[in-house]
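Ready for some practice in reading a protein model? Work through each exercise yourself before you look at the solution.

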Amino acid sequence: MIPTTRSPGVSTMSSIPEHRCWRLLSTTTVGRLAFATDDGIVILPVNFIELDRRIYVRTEPGSTIASLSEGFDDVAFEVDYHDDLNQSGWNVLVKCTARVAGITEAERALRSTGRLGPWAPGERPLMIVLTPRQISGRKVAMRRSPRRTPSIIDADVAGPLPSDPS
């Protein structure tokens, strides 16, 4: 058996309600897209936006992600957040289908935000839309002993932080 080292405190894990999962998706700009190809399963980081409970990803024709434009029924999309200092975090997993976005739909998604600009170099004229079948989330948090010194993360600043998906 492998020995484990734990910080003083009690660790908890719990589910995140669906409405909160959608809210958490808007707190970040990068997620991971997972799907099977002829060469096996791929998991790729992508910039994305969420609009009307759909997820949009830009790519270039001929890329691995572009293969989703043919229509895939079994795709996973995931975002997460972790706070190493406080040993807490959350993740949201979206099981979805993928297809190429229509021109009107793609234009609407692009107009909805400035966030969809790709980080990678090159043109990304192809828009893939992910339509969720199921969304779920979970959070893990370490409740520290009362002797713990509060940190800036403990302060109540203008609403909950991404690290607190309650």
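**Exercise 1.** Which residues does Glu-78 touch, leaving out those up to four places away in sequence?

*Solution.* This is a predicted model. Start with the contacts: Glu-78 touches Gly-31, Arg-32, Asn-91, Val-92 and Leu-93. Next, place the residue itself: Glu-78 sits in strand β6, which covers residues 72-83. Finally, look at one partner, Arg-32: its side chain makes a polar contact with the side chain of Glu-78, at 2.7 Å.

**Exercise 2.** Decide whether Glu-78 is buried or exposed.

*Solution.* Take the relative accessible area of Glu-78, which is 16%. Then compare it with the cut-off: buried means under 20%. Glu-78 is therefore buried.

**Exercise 3.** Find the residues with the most contacts inside the largest nonpolar core, and name the elements that supply it.

*Solution.* This core has 27 residues, and those with the most contacts inside it are Leu-25, Leu-33, Phe-77, Val-92 and Leu-130. Now turn to the elements: α1, β2, β3, β5, β6, β7 and β8 each supply at least two residues. The top contributor is β7, with five residues. To follow one core residue further, take Val-92: among the residues it touches are Leu-25, Phe-77 and also Glu-78.

**Exercise 4.** How many helices and strands does the protein chain have, and in what order do they run?

*Solution.* Count first: there are two helices and eight strands. Then read from the N terminus, which gives β-α-β-β-β-β-β-β-α-β. To round off your picture of the chain, note that buried residues make up 33% of its 166 residues.

Methods
Residues numbered from 1 in each chain as written. Predicted model: local features only at pLDDT ≥ 70, side-chain atom pairs only at ≥ 80, totals over all residues. Heavy atoms only, no water. Helix = DSSP H or I, 4+ residues; strand = E, 2+ residues; numbered from the N terminus. Buried < 20%, exposed > 50% of the residue type's maximum accessible area, 1.4 Å probe, protein only. Polar contact = N/O pair within 3.5 Å; in protein donor to acceptor, adjacent residues only side chain to side chain. Contact = heavy atoms within 4.5 Å. Core = buried A, V, L, I, M, F, W, Y, C linked by side-chain atoms within 4.5 Å.
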